[in-house]
Structures are given as C-alpha cells and as structure tokens.
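Biologist: I am new to this one. Could you show me the structure and let me ask why things are called what they are called?

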Amino acid sequence: MTDIAFQHPFDDDKLHEECGVFGVFGNVEAAALTALGLHALQHRGQEACGIVSFDNTQFHSHRSIGRVGDNFGDEAVIAGLAGHCAIGHNRYSTSGEPALRNVQPLFADLGHGGLAIAHNGNLTNAQTLRNELVSRGSIFQSTMDSEVIIHLTATSRQARIVDRLTDALRQVVGAYSLVVLTSKKLIGVRDPMGIRPLVLGRLDEAYILASETCALEIIGAEFVREIDPGEMVVVDEDGITSHRPFPTHPRRFCIFEHVYFARPDSIFDDRSVYEARKRIGAELAKESHAPADLVIPIPDSGTPAALGYAQQVGLPFELGIIRNHYIGRTFIEPTDQIRHLGVRLKHSANAPLVKGKRIVLVDDSIVRGTTSTKIVTMMREAGASEVHMRIASPPTAHSCYYGVDTPERSKLLAARYDLAEMARLIGVDTLAFVSIDGLYRAMGETSRNEGQPQYCDACFTGDYPLALVDRDGGQETQLSLLNERR
Ligand code: AMP
C-alpha cells in the first residue's frame with residue numbers, strides 16, 4: 001500500500017510503506033478480534049488503522065489516524081462494528097500529514113455490492129494503471145496505489161466477485177498481500193512471488209487471515225498454514241476454497257521481514273524469525289568478529305542478532321543501551337531533523353557498564369546511518385574504549401519498491417560510501433556487515449542461489465524480481481501533476 005500521488009517515488013525519501021492486515025470470518029466478536037490482531041501487528045504500521053465489518057445487512061467502518069489502542073480501545077467503537085466478519089489494516093507512512101481518505105481498509109459500493117480491501121505491499125505499476133483508469137473516467141477517492149485494485153475490480157466484465165478480483169489482480173504488478181471483505185466472503189490473496197506475508201488461522205469455527213502468526217497467537221487462534229504465493233483463498237458460509245489463478249513463479253519472500261520487519265515471535269515458512277535473527281548474528285560473528293569485552297545490542301531490533309553473536313563468540317551479552325519505549329516511531333520520523341533528535345530521545349547509554357570497555361554493537365541494518373552515528377557517539381561519550389559495529393544484514397544499498405519503507409537510493413549510506421568510508425562517518429573502530437551468503441546460510445540455505453534466489457533481497461543486491469513499471473515506464477509527468485501536499 002503506497003501513496004502514489006503524495007510524491008513521486010524518486011523525489012520522496014519516505015514513500016514506501018509497510019502495513020499489517022487482518023481478517024475474520026465467522027465470529028460474533030469479529031471486530032474485537034480484528035482490533036486485537038491489529039494490535040499484535042502494530043509494529044507493521046503505527047500511523048493509522050481501520051476496521052470494516054459486515055453484519056449481514058450493512059458494512060460498518062471506523063478508520064482513524066493513530067494507533068490501534070487509541071482508536072479501538074473503546075467498547076463503543078467496537079460495538080459500532082457489528083457483524084461476524086471484519087477486516088483491518090495498520091498503515092505506516094513516515095511522510096507528511098496523513099489524510100483520512102488514505103486510511104485503509106478502502107471501501108467501495110460496486111455494482112455487485114460493497115467491497116472493502118486492506119493491502120500490504122506496493123504495486124509497481126499503480127500509477128500507470130491509474131492514469132489509464134482516470135482517462136477512462138474513474139474517479140479516485142484516495143491517493144493509494146491499492147485503490148486501483150478496486151477500480152479494476154469495479155470495471156471487470158466478469159460476473160462473480162472472485163473472478164472480478166482475479167481479473168483486477170492479473171493487471172497489477174507488484175507485491176501484495178490482500179484481505180478483502182464482501183457481503184458474503186472473506187478473501188485472502190498473496191502475490192505470485194509471495195513477497196509480503198499472509199497466514200491462515202482458525203479460531204473455533206472462524207477463519208482468520210493475518211500478516212503474521214503473532215496476530216493469531218494474541219487471539220488464541222491456531223495457525224493453519226501460510227497462504228501460498230499466488231494463492232487466493234475464499235471463505236464463505238460453505239467453508240474455505242483455494243484458487244490459484246495466477247501463473248506460478250518461484251517464491252521470493254522478502255528476506256527483510258526476517259532481518260527487521262516482522263515480530264521476532266512470528267514464524268514464516270517453518271522458520272522462527274527470532275531463531276533466524278540469532279543465526280544471522282552467529283554468522284556475522286563467524287565472518288567478522290573483533291576482539292572485545294562485551295556484545296551490546298542496539299535495541300530492540302538488534303537484540304536477537306546480538307544474542308546469537310555473543311553466544312557464537314562466548315562473550316557477555318549486556319544491555320549497554322537502554323531504550324525508552326514511550327517514544328513512538330510516528331513522533332520521531334516526520335523529518336530528518338526530528339529523526340536525528342529522535343534517536344537521542346529513544347536511546348541512552350548505560351555508562352557504568354560500557355566505561356573503559358571494548359564493545360561490539362550489533363544492529364539489524366544501517367539505512368541512512370542516523371541511528372548508528374548517534375549510538376556510537378553516545379557510547380564513546382559513555383567511555384567505551386573501542387567501538388566495533390556489526391550489522392546483521394548486508395549493506396542496504398537499494399530502495400525497496402515492494403512495500404518496505406526505505407528512502408530513495410541517494411539517501412542510503414551504503415549506496416553512497418564504501419565500507420571504510422561508512423566506518424569513518426559512523427565513527428567506529430571497525431564496521432562489518434554479514435555477507436549475502438551468510439544471510440542465506442542463517443536462513444537454512446547453503447548460499448544465495450544466483451540463478452534463482454530463494455528470497456527477494458533487492459534492498460541488498462539490487463536484483464528486483466518484479467518489474468518497476470512506473471519507474472521505468474516514464475510516468476513522471478502525470479505524477480508531478482498529482483503531487484499535492486496536504
Ligand atoms: P538509519 O538510522 O536510517 O540508519 O536506520 C537504521 C535503523 O532503523 C536500524 O536501527 C533499524 O533497526 C531501523 N530500520 C531499518 N529499516 C527500517 C524501516 N524500513 N523502517 C523503520 N526503521 C527501520
């Protein structure tokens with residue numbers, strides 16, 4: 001889900017968005033369960049959230065800026081979302097003032113009835129499609145790429161909703177995990193490469209769809225299986241059916257979900273995210289350990305990798321940086337300046353621990369280098385005698401166009417500088433990143449299969465498995481006309 005009209009992807013350093021989706025079919029508490037599911041998926045998006053339910057007569061919708069607890073903690077709000085089925089969405093966007101019209105689930109009254117849609121991912125031909133649709137008379141209500149799916153569904157000549165949606169999705173290029181609600185069905189779809197996650201769960205008679213297994217856990221639902229890449233599951237009064245309407249592609253799940261984005265207690269493809277992160281830390285230690293006294297995680301995202309690193313080399317794992325949990329991402333990220341300040345608000349040094357010590361700092365990734373630079377300064381000010389930084393991913397040298405928030409390439413530290421320059425800029429004694437093969441080894445592979453990589457790792461390799469149609473197709477002119485700041 002991306003705001004295509006807000007700014008052009010290549011002018012905007014914070015366009016790409018991460019999201020969480022959730023859906024329930026067949027439980028009288030559908031909206032309350034959805035609120036809980038969204039709460040467990042809060043890390044996937046904190047800017048806005050929404051739920052749409054259906055009560056056999058009408059759809060109900062509540063969409064709001066802010067976090068799930070603030071918007072769905074009120075019983076009256078949940079009571080207003082009546083029905084046995086509901087879908088929900090968490091939106092993450094780091095740029096500008098969010099507009100309510102861009103908060104999902106998006107809803108439209110189509111010729112065949114209401115349709116609500118929640119999308120995690122990013123369509124790479126959304127602007128191209130939007131231009132075509134607008135020229136044929138479509139009137140868009142939001143600036144979300146996801147809305148093209150609604151218009152394509154609305155204009156499909158197929159009769160049944162499943163076929164209309166299939167028709168629409170055959171025209172889009174990009175990464176998508178969708179949950180869709182109609183008056184009769186809950187539909188879950190994953191793009192043909194399965195770039196973004198989507199899992200199926202069961203709670204008594206009800207079926208659940210969620211971005212991650214941690215959202216099943218919170219409601220006590222049983223994990224059934226992942227939705228396969230290119231699979232569409234349809235849940236209705238008759239049960240669940242599985243459809244495979246798209247040409248098959250080898251799976252290319254986003255490896256960055258394992259590195260950073262997913263919650264560590266989630267499981268993808270039988271792999272625990274927490275264990276994967278620990279193994280990445282162990283690989284990192286095998287590849288590039290520096291003599292030191294302590295291993296210190298940059299909390300929270302660097303913690304499992306730091307633990308794996310410390311266990312591998314047999315060094316003490318210590319909390320040398322204390323994180324203030326009351327600083328929200330939304331607060332710290334609207335501008336580079338505030339981000340800069342935010343790191344100080346978010347982390348402080350455990351000075352008595354680090355004073356006079358040679359430390360290894362472990363983080364999951366370096367994007368712009370803001371976090372690492374600030375943390376290293378903080379550690380030096382706290383008296384660390386040597387600071388070595390180890391990163392549990394290869395250098396992030398390419399932007400993501402498939403739904404993870406990364407800035408434009410020119411703002412990525414690793415796209416601008418080599419290893420020695422990065423180390424100097426960050427101010428460390430030594431700097432090392434896990435190798436791409438080390439990352440794949442941590443995922444249980446022997447190495448990256450160069451001919452057919454097992455994951456989408458475009459942010460590290462620049463190997464984009466799906467065409468970047470809007471970028472490469474010359475749609476810039478129209479986009480700049482739509483470029484409105486709210
Ligand atoms: P930076 O400070 O720009 O180098 O960003 C790196 C820090 O941001 C690391 O501590 C990561 O845990 C975190 N991070 C990495 N990727 C993302 C992302 N897509 N959205 C938000 N934070 C991220």
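Modeller: What follows is a conversation about the terms used for this model, which is a predicted one.

Biologist: Happy to start broadly. How many helices and strands does the protein chain have?

Modeller: There are 20 helices and 23 strands in the protein chain. Of its 486 residues, 61% are buried. Among contacts with a separation of 6 or more, 69% are between residues 24 or more positions apart.

Biologist: Let's turn to a single residue. What does UniProt place at Cys19?

Modeller: The UniProt record, an unreviewed entry, gives the feature "active site" at Cys19. That residue lies in strand S1, residues 19-25.

Biologist: Is Cys19 buried or exposed, and how do you know?

Modeller: Its relative accessible area is 0%. Buried means under 20%, so Cys19 is called buried.

Biologist: What about Glu283, buried or exposed?

Modeller: The value for Glu283 is 10%. The cut-off is again under 20%, so Glu283 counts as buried too. Glu283 is part of helix H9, residues 273-288. Apart from neighbours within four places in sequence, Glu283 is in contact with Val434, Gly438, Arg441 and Ala442. Gln312 is 29 residues from Glu283 in sequence, and their C-alpha atoms are 8.3 Å apart.

Biologist: Now the helices. What makes you say that helix H1 is largely enclosed by the rest of the structure?

Modeller: Eight of the eleven residues of H1, residues 30-40, are buried, so the helix is described as largely enclosed. The buried ones are Ala30, Ala31, Leu33, Thr34, Ala35, Gly37, Leu38 and Ala40.

Biologist: Which residues of H6 are buried, and what covers them?

Modeller: In H6 the buried residues are Ile161, Val162, Arg164, Leu165, Thr166, Ala168 and Leu169. Their cover includes helix H5 and the strands S6 (113-123), S7 (174-182), S8 (186-190) and S12 (232-236).

Biologist: Why is H5 called oblique to H6?

Modeller: The axes of H5 (residues 147-155) and H6 (residues 161-171) come within 8 Å and cross at roughly 125 degrees. Roughly perpendicular covers 65 to 115 degrees and roughly antiparallel begins over 145. The crossing angle of roughly 125 degrees fits neither range, so H5 is oblique to H6. The crossing is right-handed. On the H5 side, the contact is made by Ile149, Leu152, Thr153 and Ala154, and on the H6 side by Ile161, Arg164, Leu165, Ala168, Leu169 and Gln171. These residues divide into seven nonpolar, two polar and one charged.

Biologist: And why is H4 called oblique to H5?

Modeller: Helix H4, residues 126-135, packs against H5 at an angle of about 45 degrees, and their axes are 10 Å apart. Roughly parallel needs an angle under 35 degrees, and roughly perpendicular starts at 65. An angle of about 45 degrees lies outside both ranges, so H4 is oblique to H5. This crossing is left-handed. Ala126, Leu129, Arg130 and Leu133 of H4 meet Val148, His151, Leu152 and Thr155 of H5. Their contact divides into five nonpolar residues, two polar and one charged.

Biologist: Some backbone details next. Why do positive phi values and cis bonds get a remark at all?

Modeller: Most residues other than glycine have a negative phi, and most peptide bonds are trans. Asn56 has a positive phi of about 80 degrees, although it is not a glycine. Another non-glycine residue, Asp204, has a positive phi of about 55 degrees.

Biologist: Where are those two, and are they buried or exposed?

Modeller: Asn56 is in the loop between strand S2 (48-54) and strand S3 (59-65). Asp204 is in the loop between strand S9 (199-203) and strand S10 (206-210). Exposed means over 50% relative accessible area. Asn56 has 64%, so it is exposed. Asp204 has 65%, so it counts as exposed as well.

Biologist: Which peptide bonds are cis, then?

Modeller: One of them runs from Gln104 to Pro105, with omega near 0 degrees. Pro105 sits in the loop between strand S4 (85-91) and strand S5 (106-110). Another joins Pro299 and Asp300, where omega is about -10 degrees. Asp300 is in the loop between strand S17 (294-297) and helix H10 (303-313).

Notes:
Residues are numbered from 1 along each chain as its sequence is written. This is a predicted model: local features need pLDDT of at least 70, side-chain atom pairs count only at pLDDT 80 or more; totals for chains, interfaces and linings use all residues. Side-chain values use heavy atoms; hydrogens and water are left out. Axes are lines fitted to C-alpha atoms, for helices over the stretch in contact, and angles run from 0 to 180 degrees between N-to-C directions. Helices (H or I, at least four residues) and strands (E, at least two) are DSSP runs, numbered from the N terminus. A crossing is left-handed if the near helix is turned anticlockwise from the far one by less than a right angle, and right-handed if clockwise. Contact means heavy atoms within 4.5 Å. Ala, Val, Leu, Ile, Met, Phe, Trp, Tyr, Cys and Pro count as nonpolar, Asp, Glu, Lys and Arg as charged, and the others, Gly among them, as polar. UniProt positions are given in the numbering used here, feature names are shortened, and annotations may be inferred rather than shown by experiment. Buried means under 20% relative accessible area, exposed over 50%, partly exposed in between (1.4 Å probe, protein chains only).
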